[in-house]
Amino acid sequence: MKKIVKLIGIALVAFLFYYGYTTYPKLDLISGFSAKSVASGHFIDNRSQEMIEKGDNDIDMIDLAKNHIDENGKFVTASVYGLKERKAIYREGLEATLINDDFDITKPYEIPKRTKRNNTLPFPYGNNEPKDTVFSNIDYKN
């Protein structure tokens, strides 16, 4: 009887070790996706954390992440069970960026020069509304 209990105990420890070994790398992906998603949704779309978590992040495994938004620092941290914390920052012009611990947020960065052309051509060639696509040689009534 003692051998069976010992064998079951060793098998259980081996299973837990294997499960932890295969699951731990997934935590980095889960918390990274969640942090970036919440940062984009909150700082770009001005949506609440609850709305993002119930809509965008309501995916198997992703909903395990706990998110925290820091309005003053304009960043979001996410972790799964307190492990593998990831951080996404918001910077004007570059939007939300997922960073690691070695990233220096005080370092200056270049902002892309994006210009919107203001032409009068119809969409998709310009910024105006698309032209009406009703053709005179087609009978639409029948």
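Helices (H or I, at least four residues) and strands (E, at least two) are DSSP runs, numbered from the N terminus. The model described here is predicted, and local features are given where pLDDT is at least 70, side-chain atom pairs count only at pLDDT 80 or more, and totals for chains, interfaces and linings use all residues. Residues are numbered from 1 along each chain as its sequence is written, and side-chain values use heavy atoms, with hydrogens and water left out.

Helix α1 offers a starting point, and Ile 30 is placed in it. Ile 30 is buried at 6% relative accessibility, where buried stands for under 20% relative accessible area, exposed for over 50%, and partly exposed for what lies in between (1.4 Å probe, protein chains only). From Ile 30 to Glu 110 the C-alpha to C-alpha distance is 29 Å, with their positions 80 residues apart in sequence.

Phe 15 also belongs to helix α1, which spans residues 2-44, and together with Leu 12, Leu 16 and Tyr 19 it makes up a nonpolar patch on the surface with about 450 Å² of accessible area. Patches consist of residues with over 30% relative accessible area and no salt bridge, like charges being joined within 9 Å and nonpolar side chains (Val, Leu, Ile, Met, Phe, Trp, Tyr) within 5 Å; the areas come from the Shrake-Rupley method with a 1.4 Å probe, and for residues only the protein chains shown count as cover.

Taking a salt bridge as a side-chain nitrogen of Lys or Arg within 4 Å of a carboxyl oxygen of Asp or Glu, the count comes to three. One of them joins the side chains of Asp 28 and Arg 86, at 3.1 Å from N to O; because Asp 28 lies in helix α1 and Arg 86 in strand β3, this pair ties together parts that are 58 residues apart in sequence. Asp 28 is partly exposed at 28% relative accessibility, whereas Arg 86 is buried at 18%. Elsewhere, Asp 45, Arg 47 and Asp 56 are linked in a network of salt bridges, in which Arg 47 meets Asp 45 at 3.6 Å, N to O, and Asp 56 at 2.6 Å, N to O. Asp 45 is partly exposed, with a relative accessible area of 44%, as are Arg 47, with 21%, and Asp 56, with 33%.

Arg 86 appears again in the lining of the largest pocket, along with Thr 77, Glu 85, Lys 87, Ile 99, Asn 100, Asp 101 and Phe 103. On a 1 Å grid over the protein atoms alone, a pocket is an open set of points with protein on both sides within 12 Å along at least five of seven lines, where a 1.4 Å probe fits, and lining residues have an atom within 4 Å of a point. Strand β3 (residues 83-91) gives the most to this lining, with three residues.

The backbone has some further features to inspect. Most residues other than glycine have a negative phi, and most peptide bonds are trans. Asn 46, in the loop between α1 and α2 (49-55), has a positive phi near 60°, and Asn 46 is exposed, with a relative accessible area of 65%. Glu 95, in strand β4, has a positive phi of about 65° and is partly exposed at 30%. The peptide bond from Phe 123 to Pro 124 is cis, with omega near 15°, and Pro 124 lies in the segment after β4 (95-99).
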